[in-house]
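User: Could you take me through a close look at one part of this structure? I am new to this, so please go step by step and tell me what the words mean as they come up.

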Amino acid sequence: MNNVFAPADNIADGEMYLRLAADIDSRIAELKVRFKATGDMKIYYSIQDLKKIRREHLDTAELLLCRGERRRQEKGAMD
């Protein structure tokens, strides 16, 4: 049985995580407006959860982008 492994495109994946973090930023902004209007603590806790997820996405994006750039430089050095 032959297994085919596609090479990871870390830069594209990192950029995807950056877009996800931007989407979460938009959602946080919407929730902040709702929280200010209602004072509902459930919304506050949702904002805190989304901030944590956004931070994780940004950290993952940074890791993937750095890894992708390193691989690109290593590949360039090999050529």
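Analyst: Happy to! Let's begin with a definition: a residue is called buried when its relative accessible area is under 20%, exposed when it is over 50%, and partly exposed in between. Please also keep in mind that this is a predicted model.

Our starting point is Arg34, which is found in helix H1. Is Arg34 buried, exposed or partly exposed? Its relative accessibility is 44%, so Arg34 counts as partly exposed. Which residues does Arg34 touch, once neighbours within four places in sequence are set aside? They are Arg27, Gly39 and Ile43. Arg34 can also be placed relative to Tyr44: these two are 10 residues apart along the chain, and their C-alpha atoms are separated by 9.4 Å.

Now let's follow the contact to Ile43. With neighbours within four places in sequence left out, Ile43 is in contact with Leu31, Arg34, Phe35 and Thr38. Two of these names will help us onwards: Leu31 leads to the core, and Phe35 leads to the rings.

First, the core. Ile43 and Leu31 both belong to the largest nonpolar core, which has six residues in all. The other members are Ile24, Ile28, Ile47 and Leu50. Helix H1, spanning 10–38, and helix H2, spanning 41–78, are the elements that give two or more residues to this core.

Next, the rings. How many aromatic pairs does a search of the whole structure find? The search finds two. One of them joins Phe35 and Tyr44, with 5.7 Å from centre to centre and 45° between the planes, and this pair is tilted. The pair formed by Tyr44 and Tyr45 is edge-to-face, with 5.4 Å from centre to centre and 75° between the planes. Taken together, ring pairs link Phe35, Tyr44 and Tyr45 into a cluster.

How open are these three rings' residues? Phe35 has a relative accessibility of 23%, so Phe35 counts as partly exposed. Tyr44, at 32%, counts as partly exposed too. Tyr45 lies in helix H2, and its value of 49% makes it partly exposed as well. You can check each of these against the cut-offs we began with: partly exposed is what lies between under 20% and over 50%.

Two of the ring residues turn up again on the surface. Tyr44 and Tyr45, together with Met41, make a nonpolar surface patch of about 300 Å².

To finish, here is a contrast from another part of helix H1. Asn10 lies in helix H1, and with a relative accessibility of 5% Asn10 counts as buried, whereas Arg34 at 44% counts as partly exposed. What does Asn10 touch, not counting residues up to four places away in sequence? The answer is Leu64, Leu65, Arg67, Gly68 and Arg71. One of these, Arg67, has its place in helix H2 and is partly exposed, with a relative accessible area of 29%. Arg67 also gives us a distance across the sequence: Arg67 and Asp9 are 58 residues apart in sequence and 9.7 Å apart in space, C-alpha to C-alpha.

Technical notes
Residues are numbered from 1 along each chain as its sequence is written. This is a predicted model: local features need pLDDT of at least 70, side-chain atom pairs count only at pLDDT 80 or more; totals for chains, interfaces and linings use all residues. Side-chain values use heavy atoms; hydrogens and water are left out. A nonpolar core is a set of buried Ala, Val, Leu, Ile, Met, Phe, Trp, Tyr and Cys residues joined through side-chain atoms within 4.5 Å. Buried means under 20% relative accessible area, exposed over 50%, partly exposed in between (1.4 Å probe, protein chains only). Helices (H or I, at least four residues) and strands (E, at least two) are DSSP runs, numbered from the N terminus. Contact means heavy atoms within 4.5 Å. Rings of Phe, Tyr and Trp (its six-membered ring) pair if their centres lie within 6.5 Å; planes under 30 degrees apart count as stacked, over 60 as edge-to-face and the rest as tilted. Patches are made of residues with over 30% relative accessible area and no salt bridge: like charges are joined within 9 Å, nonpolar side chains (Val, Leu, Ile, Met, Phe, Trp, Tyr) within 5 Å. Accessible areas come from the Shrake-Rupley method with a 1.4 Å probe; for residues, only the protein chains shown count as cover. A salt bridge is a side-chain nitrogen of Lys or Arg within 4 Å of a carboxyl oxygen of Asp or Glu.
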